[in-house]
Amino acid sequence: QPATSPRRAVIAGCPPLAMHSPSSLGRFLADLPIPRKLGLIIGLFCSILFGLLVLSYLVLGVLSSVRAYVSAEGLWSRAQKQAVLRLGRYAWSHNEADYRAFLNTLEIPLGDKLARLEMEKPYPDGAAVRSGFLQGGNHPEDIPGMIRLFRRFLWIRYIREANGIWSRADDLIVQLQTAGEQIRGIMNSRHPSPVRLEKVLIQVQEINAQLTPLENAFSAILGEGARKIQNLLIIGMALTAAVLVAAALFIAILISRQLCGEIDQLRDGAARIAKGEYAFTLDVSSKDEIGDLARMFQDMAGQRQAA
């Protein structure tokens with residue numbers, strides 16, 4: 001039997017189908033029942049939608065985590081400024097309540113430091129990280145995203161630089177804590193030395209002057225890192241979508257060509273039977289519903305020819 005002509009395929013609305021040995025993928029698709037073929041196509045496009053939703057969630061999660069870190073930096077900065085102010089007040093008032101207020105204020109940066117040191121470990125303790133961030137005044141719902149941002153994107157230069165700034169600022173906070181202990185020691189000594197006290201207070205102001213640019217740089221670099229991560233995720237989203245769409249279209253075209261080719265074969269066989277021609281062979285070997293129908297046509301033509 002001659003193959004289906006291009007003209008007939010065009011009339012039927014299907015592209016011409018070359019009848020050759022199908023690939024393993026083509027064989028698998030051809031043998032699927034038609035409902036499963038349609039389900040496969042729908043599933044592929046649902047996968048595309050799901051993939052885009054997941055990547056969109058990641059982008060929003062990164063932006064939310066950056067917002068949380070910027071907010072945490074604001075708390076950190078205010079606590080550091082208040083600590084310097086209360087330490088100076090203690091040096092003037094000699095009131096232990098002011099010193100306790102100084103120590104309480106330092107709990108915020110010291111808590112963030114504990115969280116950072118734990119996250120830098122190969123296998124951090126999530127409970128310890130959470131405890132440190134809570135001590136730093138961070139919202140409990142922001143903490144998981146803050147941990148993910150630190151752990152997953154530390155390889156990005158901007159995030160790594162922001163962490164370096166954070167580490168240097170923590171070292172200065174420890175120096176500020178030590179300066180507070182020195183001031184308290186001077187105040188509690190039998191003969192407080194005004195010269196020593198003034199020297200330590202000058203050191204406190206120097207620490208404060210070093211912390212201010214670090215705080216500003218942390219927010220700026222973290223913002224740059226957020227934009228870098230966002231761009232990477234958007235590129236990943238576009239590439240993933242392109243790959244999934246290409247795969248879905250490729251499979252949809254394979255299924256469409258296979259179905260159209262088999263329908264053309266059946267149309268040609270029906271036309272031959274209508275003309276009384278029974279000596280023909282349908283080139284349909286799939287195991288789906290159309291393949292079953294083609295074999296029934298072939299058996300019917302054989303019975304009519306034998307009769």
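This is a short talk about the helices, the salt bridges and a surface patch of one protein chain.

Hi everyone, thanks for coming. One thing to keep in mind from the start is that this is a predicted model.

Let's begin with the overall layout. The protein chain has nine helices and zero strands. If you walk along the sequence, the pattern reads α-α-α-α-α-α-α-α-α. The chain has 307 residues, and 38% of them are buried. What share of the contacts between residues at least 6 apart in sequence joins residues at least 24 apart? In this chain that share is 74%. As for the outside, the accessible surface is about 17200 Å², with 62% of that area belonging to carbon and sulfur atoms.

Now please find helix α3, residues 34-93, on the screen. With 60 residues, helix α3 spans 86 Å from its first C-alpha to its last, and that is close to the 88 Å expected at 1.5 Å a residue. Just after α3 comes His-94, which takes a positive phi of about 60°.

Two residues of α3 deserve a stop. The one to start with is Ser-65, which sits in this helix. Is Ser-65 buried or exposed? Its relative accessibility is 6%, so Ser-65 counts as buried, the cut-off for buried being under 20%. And who are its neighbours? Leaving aside residues up to four places away in sequence, Ser-65 touches Gly-145, Met-146 and Leu-149.

The other stop is Arg-67, and it brings us to the salt bridges. Across the whole structure, a search finds seven of them. In one, Arg-67 pairs with Asp-142, with the closest N and O atoms 2.9 Å apart. Why does this pair tie together parts that are 75 residues apart in sequence? Because Arg-67 lies in helix α3, while Asp-142 is in the loop between α5 (126-135) and α6 (143-153). Arg-67 itself is partly exposed, at a relative accessible area of 43%.

Next, look at Glu-118 and Lys-121. They form a salt bridge too, and here the closest N and O atoms are 3.0 Å apart. The two partners are worth viewing side by side: Glu-118 is buried, with a relative accessible area of 12%, whereas Lys-121 is partly exposed at 41%.

A third example is Glu-161 with Arg-157, whose closest N and O atoms are 3.0 Å apart. What separates these two along helix α7, residues 157-188? They are four residues apart in that helix, so about one helical turn lies between them. As a general reminder, an α-helix has 3.6 residues a turn, so residues three or four places apart point the same way. Both partners are partly exposed, Glu-161 with a relative accessible area of 33% and Arg-157 with 42%. There is also a network to look at: Arg-116, Glu-120 and Asp-170 are joined into one by salt bridges that share partners.

Let me finish on the surface. Which residues form a nonpolar patch there? They are Phe-45, Val-245, Leu-249 and Ile-253, and together they have about 330 Å² of accessible area. The helix that gives the most to the patch is α8, residues 194-274, with three residues. Ile-253 is placed in that helix.

That's my tour, so please rotate the model and tell me what catches your eye. Thanks!

Notes:
Residues numbered from 1 in each chain as written. Predicted model: local features only at pLDDT ≥ 70, side-chain atom pairs only at ≥ 80, totals over all residues. Heavy atoms only, no water. Buried < 20%, exposed > 50% of the residue type's maximum accessible area, 1.4 Å probe, protein only. Contact = heavy atoms within 4.5 Å. Areas by Shrake-Rupley, 256 points an atom, 1.4 Å probe, with all protein chains shown as cover. Patch = residues over 30% accessible without salt bridge, like charges linked within 9 Å, V, L, I, M, F, W, Y side chains within 5 Å. Salt bridge = Lys/Arg side-chain N within 4 Å of Asp/Glu carboxyl O. Expected span 1.5 Å × (residues − 1).
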